[in-house]
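Biologist: I'm new to reading protein structures and would love some company. Could you take a close look at one part with me?

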Amino acid sequence: MSAIRDWADLLKREVSVLKLACADPRVPRRAKWLAGAAIAYLASPIDLIPDFIPGFGQLDDLVVVPALLWLAIRQIDPALMAQLREEARNAG
């Protein structure tokens with residue numbers, strides 16, 4: 001259970017870093033679009049697998065959103081990402 005909690009904490013930290021990244025002009029537009037797509041997918045009532053299907057309904061959210069966030073992070077220069085992570089750590 002702690003592995004899931006650790007993963008959720010990491011995802012939460014990376015989302016706060018991506019919020020900073022979306023406001024930074026040095027971040028590629030593609031990364032900003034991918035982060036926005038993840039947020040839009042979460043907010044959208046349209047899913048790949050409808051939520052009313054027990055067990056599988058939320059599974060697409062648990063796969064698609066982290067995948068989009070991972071792709072967004074991969075588009076950002078590692079040195080810039082490290083700087084943004086430090087800014088996020090100092091801010092919160």
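Biologist: Before we zoom in, how much area does the protein expose, and what share of it do carbon and sulfur atoms supply? After that, please show me where helix α1 and helix α4 pack.

Modeller: Happy to! Keep in mind that this is a predicted model. The protein exposes about 6600 Å², and 66% of that area comes from carbon and sulfur atoms. Of its 92 residues, 29% are buried. The secondary structure consists of 4 helices and 0 strands, and the C-alpha trace spans about 40 × 30 × 20 Å along its principal axes.

Now to your pair. Helix α1 covers residues 2-23 and helix α4 covers residues 78-91. Their axes lie 9 Å apart, at an angle of about 110°. Angles from 65 to 115 degrees count as roughly perpendicular, so that is how α1 and α4 sit relative to each other. On the α1 side, Glu14, Ser16, Val17, Leu20 and Ala21 make the contact; they meet Met81, Leu84, Arg85, Glu87 and Ala88 of α4. Sorted by class, this contact has 6 nonpolar, 1 polar and 3 charged residues.

Let's follow Ala21 a little further. Beyond its neighbours within four places in sequence, Ala21 is in contact with Val27, Lys32, Ile76 and Leu84. Ala21, Val27, Ile76 and Leu84 also turn up among the residues that touch the most other members of the largest nonpolar core, along with Leu18. That core has 20 residues, with at least two supplied by each of α1, α2, α3 and α4. The largest share, 6 residues, comes from α3.

Technical notes: Residues are numbered from 1 along each chain as its sequence is written. This is a predicted model: local features need pLDDT of at least 70, side-chain atom pairs count only at pLDDT 80 or more; totals for chains, interfaces and linings use all residues. Side-chain values use heavy atoms; hydrogens and water are left out. Axes are lines fitted to C-alpha atoms, for helices over the stretch in contact, and angles run from 0 to 180 degrees between N-to-C directions. Angles under 35 degrees count as roughly parallel, over 145 as roughly antiparallel, 65 to 115 as roughly perpendicular and the rest as oblique. Contact means heavy atoms within 4.5 Å. Ala, Val, Leu, Ile, Met, Phe, Trp, Tyr, Cys and Pro count as nonpolar, Asp, Glu, Lys and Arg as charged, and the others, Gly among them, as polar. A nonpolar core is a set of buried Ala, Val, Leu, Ile, Met, Phe, Trp, Tyr and Cys residues joined through side-chain atoms within 4.5 Å. Buried means under 20% relative accessible area, exposed over 50%, partly exposed in between (1.4 Å probe, protein chains only). Accessible areas come from the Shrake-Rupley method with a 1.4 Å probe; for residues, only the protein chains shown count as cover.
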